[in-house]
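This report describes selected helix contacts, a pocket and some backbone features of a single model. The sequence and structure are shown first, and the description follows.

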Amino acid sequence: MSIQSEILKEYWGYSAFRPLQEDIIHSAMEGIDTLALLPTGGGKSVCYQVPALTKEGICIVISPLIALMKDQVENLRKRNIKAMALVSGMTYREIDIALDNCVYGNYKFLYVSPERLASDLFIERIKKMNINLLAVDEAHCISQWGHDFRPPYRKIAEIRQYIPKVPVIALTATATAEVRLDIIRQLELEKPNIFTASFARTNLTYAAIHAENKLQRMEKIFRNVQGCGIVYVRNRRRTQEISDWLNKNKINASFYHAGLPREVRNSRQDDWMNNTTRVIVATNAFGMGIDKPDVRIVVHYDLPDNIESYYQEAGRGGRDGKLAYAVALYNQSDLLELTERAENAVPKKEEIVRVYNALCNYLQVAFQSGMGESYAFDITKFSAAYLLQPIQTLNCLKILELENYLSFTENVYLPSRIHFEIQSKELYNFQVANVYFDHVIKTILRSCEGIFDRYIDIHESDLAKKANISLDDLINQLKQLQQLNVITYQPKTDQPQVVFTQPRVDGKDLLLRKELIQDRQQRFKLNAEKLKRYIVDKNHCRSLMLLEYFDERAEQRCGTCDYCRQRNKLELSDYEFNTIANKIKLILNGQLLSPDELCRKTDVFNQQKATRVMQWMLDNNLIQTNSFGQLSLVE
């Protein structure tokens, strides 16, 4: 058994790798720059975790998704693998101690967001680390052609100069050929090995259904398809409305969005994971990092912004390899809304300036200060305070992020944590002189191993029970110990974070590139048009359309999507269908014919088959009939 197989068995309990995983791992172990494209649920994390565990030193993982970073760290720690993450909301002191532990503490994985790469503190520490691998997750974010471009990713190539012999492994689930080339160029990958798994999901049945009453159609879907599901919508209010409607109609459902308290989110996610709740109605962030294999149906009640998002969200169905369905419901108003969203996605300069000035005042950031600072930020409260629309505010923040003035992250849950700022001998003397705090300090020491070396996560209620005092008394003592410089106590937080990547400037001095705004506008419109074409197209296999979008060629229809099911009813081979359809188009080119006349002109074919194709072409608006019953091509 190879060393990588032994590690897979020891830490993950698997006896074999998934397709392509072993080849990708071998490439990374050989020290070769590697680009890996694996679909959602394809096991990307194992591709860098296994090779990193085969070598001495630490693997740095760059990821834009804080929730996923925290999940990965938690999963590694459960396997007794030392890992940590640097996330927004951590203080300078916490980060300083964490990086020291990565240099001297035998850690195997350090997860960081791309915004951290530019800090002097981070750069100075990586020079001292024994780094064995640099992993770039969600690597499409480095490409300006990707659907989620993030400028801080450009800093990755700059830090490579400090670790020139360290190989890079870049991973993503969705990237067109253009994006792949841009990833290689931006990361400065040297003669990389490129591994691309097929984007085909053979067990996933795609459908796009026009429905004026989407609620009734959705109910019908859940009546016909057994098993658990996800319904994706675009705003928080609608999650509850649709969940309530499903429950009213005897379909067990709950709703989920980032605005709910963390305990509620966790409880609802757990209920759904355990199949206590059948259907979860959620905004599009739900599902990232959740490995639930038995999702049988994914419904897009609202359309996303682009095909990449649709493919990733739909791909959360059927990860167990069994049959699953991905259904997009739409009507004309949805298509108009998609176009309108694309047109309004990029705000005017004066709107951006207004939001920037308001944000700095709201967070009380002084001029020429704030760089590197992280602020808890509630976009709903902020927008209400300054009479702004939340969507408009978010779009302004995106432009400010692209121009590298700040970064805006999703909800970040940071548990309460403490760290002793004095050493054990000084602490003993303090306890002797301050008997009032002795019992709580002893409780902390018994409960928190390693507290002199690093910040330790705590649950105040648990500590209060162990100390046999009230929760209020415990918190008061922690605050007093902090005032006495004995500990640092950071209470828990669960809010999105704004990090200023440059010092505050006067709004009128913001440098906003006109070409960037125009390019972003065009890109949103183009992405919306591509998605719209996919949704309304009734004349091509949906799986083939998705594969073509990702520059993958396939000759054979999936046989299961809504288009293919209609085609299958004709009981014709692809060759027969295409031959007859092309003949009909040729005959009708520039002339009007009755159905009987058209059939006679196709007399070289079986008349029954020709009639089936003719009817299919009528149903799918490829040919049309006039008031006299004559057929013609649809222009």
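In this predicted model, Leu 215, Gln 216, Met 218, Glu 219 and Phe 222 of helix H9 are in contact with Ile 242, Trp 245 and Leu 246 of helix H10. The residues of this contact comprise six nonpolar, one polar and one charged. Helix H9 covers residues 214-224 and helix H10 covers residues 236-248; the two pack at an angle of about 55°, and their axes lie 11 Å apart. H9 is therefore oblique to H10. The crossing of H9 with H10 is right-handed.

A second helix pair is formed by H21, residues 514-536, and H22, residues 542-549, whose axes come within 10 Å and cross at roughly 160°. Because angles over 145 degrees count as roughly antiparallel, H21 is described as roughly antiparallel to H22. H21 and H22 also make a right-handed crossing. On the H21 side the contact involves Asn 527, Lys 530, Tyr 534 and Ile 535, which meet Arg 542, Met 545, Leu 546 and Tyr 549 of H22. Five nonpolar, one polar and two charged residues make up this contact.

The second largest pocket holds about 760 Å³ of space. Its lining consists of 28 residues, and those nearest the centre of the pocket are Glu 115, Arg 116, Ser 119, Gly 372 and Phe 500. Helix H5 (92-104), helix H6 (120-126) and strand E19 (493-500) are the elements that each supply two or more residues to the lining of this pocket. By class, the lining of the second largest pocket divides into 13 nonpolar, nine polar and six charged residues.

Which backbone angles stand out in the loop between helix H8 and strand E7? Two non-glycine residues with positive phi are listed below.

| Residue | Phi | Location |
|---|---|---|
| Glu 188 | about 55° | loop between H8 (177-187) and E7 (193-196) |
| Lys 191 | about 40° | loop between H8 and E7 |

Most residues other than glycine have a negative phi. Against that background, Glu 188 has a positive phi although it is not a glycine, and Lys 191 likewise has a positive phi without being a glycine. Glu 188 is placed in the loop that joins helix H8 and strand E7, and Lys 191 is found in the loop between H8 and E7 as well.

Conventions:
Residues numbered from 1 in each chain as written. Predicted model: local features only at pLDDT ≥ 70, side-chain atom pairs only at ≥ 80, totals over all residues. Heavy atoms only, no water. Axes fitted to C-alpha atoms, helices over the stretch in contact; angles between N-to-C directions. Helix = DSSP H or I, 4+ residues; strand = E, 2+ residues; numbered from the N terminus. Parallel < 35°, antiparallel > 145°, perpendicular 65-115°, else oblique. Left-handed = near helix turned anticlockwise from the far one by under 90°. Contact = heavy atoms within 4.5 Å. Nonpolar A, V, L, I, M, F, W, Y, C, P; charged D, E, K, R; others polar. 1 Å grid on protein atoms, 1.4 Å probe; cavity = no way out; pocket = protein on both sides within 12 Å on 5 of 7 lines; lining within 4 Å. Points joined across faces, edges and corners; volume = space filled by probe spheres on them.
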